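Please open the model in a viewer and keep the selection tool at hand. The tour below proceeds from one selection to the next and states what is to be found at each stop.

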Amino acid sequence: MLPQPAQPNLLTVVADLGDAVAAGPLLAELGQAVRTLTAGTDARLLGLPPGDLTVTIGIGPRLVRTIDPSLPGAADLPQFSRERIAPQARGGDLLIQICASDALVVPIVAAALLDQAGDRIHERWRQSGRRGSNVPVAQGLTAPRNLLGFIDGIVGPRTTVEEQRDLWLAGPAPVADGTIAVLRRMELDLPRFATLSVADQEVVFGRRRATGIPLSGGTIASDPELGAKTPDGRYLIPADAHVRRAHSNVVGVGLMLRRSYSIDEPAPGLLFMSFQNDIRTFTNTLTHMDNSDALLQFTTTTASATFLILPGFDEQHPLGATLFR
């Protein structure tokens, strides 16, 4: 289970493998290192307690296709508008995501895992991030504010039924209980957004900035009433508002579990991460948003990748063993 709320500090490393044949042994070694690091028994922690450290590892489409092109996770992300992505910042074979409450633990764990991998991998890009202060959304659930001042990640799977339906892969057997991750690093045009009045900022999102409540009313956890209108017939949530354009019912897809982190390097922005059991949940949503979502005019994507997040593992069943025998 993921800690609730999510840890405030994150580092993601995206890398390529020099030899796809070496993926199985490498993943097994990384999994064993994760076990000792999270247990606090690894000398490479330099005496620091791991606390709530978690490490998430995924493999990119190229590696998935070497196993079976029909498996979930085998498809690359398409290109979208408002992208300025260098070749080394698109795609990748390996994701290592490290999260912890102790900011010192994160780079120490990254150094240990990258040393474990050695010259078998070649780093493409990395990104550190922080989550803002948490705001209660529902019982036991919170969401942080982002650099635009709005609460980020309010909507997502909240129940076991929703998680099984929209988050975890049910099959085929090699990927069962895994999931699909999408990473998008975005620069935000903070100066231009800040010139808008609070009311105009709220129109962009379709929510109140201070509370996160939809412009249609209710509570922060309320589903936006997309059909609600003013007495003179105008939609309370405008046609190009983010909550309307990205709404799962409007797009016709499932829910995403979002774990977004604010960043200040290489430029102020957001590392958007979503987890879903069907890549079309993300691609169809962004296609629906493209060129029609008021929020996108303040964003430029500078890195993009997708990964099959591997199923759980233990001492008897090494990381990646269901895929690389």
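Two residues are in contact when heavy atoms lie within 4.5 Å. Helices (H or I, at least four residues) and strands (E, at least two) are DSSP runs, numbered from the N terminus. This is a predicted model, in which local features need pLDDT of at least 70 and side-chain atom pairs count only at pLDDT 80 or more, while totals for chains, interfaces and linings use all residues. Residues are numbered from 1 along each chain as its sequence is written, and side-chain values use heavy atoms, with hydrogens and water left out.

**The whole chain**

Select the chain in cartoon view: 9 helices and 11 strands are present. Its radius of gyration, taken over C-alpha atoms, is 20 Å, close to the 20 Å of the globule rule (2.2 Å times the number of residues to the power 0.38), so the chain is as compact as a globular protein of 325 residues. Along the principal axes, the C-alpha atoms fill a box of roughly 65 × 45 × 40 Å. Of the 325 residues, 51% count as buried (under 20% relative accessible area, 1.4 Å probe, protein chains only; exposed is over 50%, partly exposed in between). Among contacts with a separation of 6 or more, 73% join residues 24 or more positions apart.

**Two annotated ranges**

Colour residues 5–129, which UniProt lists in an unreviewed entry as "domain: Dyp-type peroxidase N-terminal". This range is 30% helix and 25% strand, with its end C-alpha atoms 15 Å apart. Next colour residues 144–312, listed by UniProt in an unreviewed entry as "domain: Dyp-type peroxidase C-terminal". Here the chain is 23% helix and 21% strand, and the end C-alpha atoms are 27 Å apart. UniProt positions follow the numbering used here, feature names are shortened, and annotations may be inferred rather than shown by experiment.

**Helix α9**

Select residues 279–289, helix α9. Which residues of α9 are buried? They are Ile279, Thr281, Phe282, Thr283, Thr285, Leu286 and Met289. Their cover includes β7 (179–188), α7 (242–245), α8 (248–251), β10 (269–276) and β11. Just after α9, asparagine 291 takes a positive phi of about 65°.

**Aromatic pairs**

Now show the aromatic side chains. The structure holds 6 aromatic pairs (rings of Phe, Tyr and Trp, the last by its six-membered ring, with centres within 6.5 Å; planes under 30 degrees apart are stacked, over 60 edge-to-face, the rest tilted). Phenylalanine 80 and phenylalanine 282 form an edge-to-face pair, 6.3 Å centre to centre with 90° between the planes. Phenylalanine 80 lies in the loop between α2 (61–67) and β3 (94–100) and phenylalanine 282 in α9, so the pair ties together parts 202 residues apart in sequence. Phenylalanine 80 is buried at 11% relative accessible area, and phenylalanine 282 is buried at 5%.

Move to phenylalanine 193 and phenylalanine 298, whose ring centres are 5.2 Å apart with planes at 85°, so this pair is edge-to-face. Phenylalanine 193 belongs to helix α5 (residues 190–194) and phenylalanine 298 to the loop between α9 and β11 (299–309), 105 residues apart. Relative accessibility is 3% for phenylalanine 193, which is buried, and 4% for phenylalanine 298, also buried. Add Phe150 and Phe205 to the selection: with Phe193 and Phe298 they form one aromatic cluster.

**Charges over rings**

Finally, select arginine 131 and tyrosine 261: the arginine lies over the face of the ring, 5.4 Å from its centre. Lysine 229 lies over the face of tyrosine 235, at 4.9 Å from the ring centre. The criterion is NZ of Lys or CZ of Arg within 6 Å of the ring centre and within 35 degrees of the ring normal.
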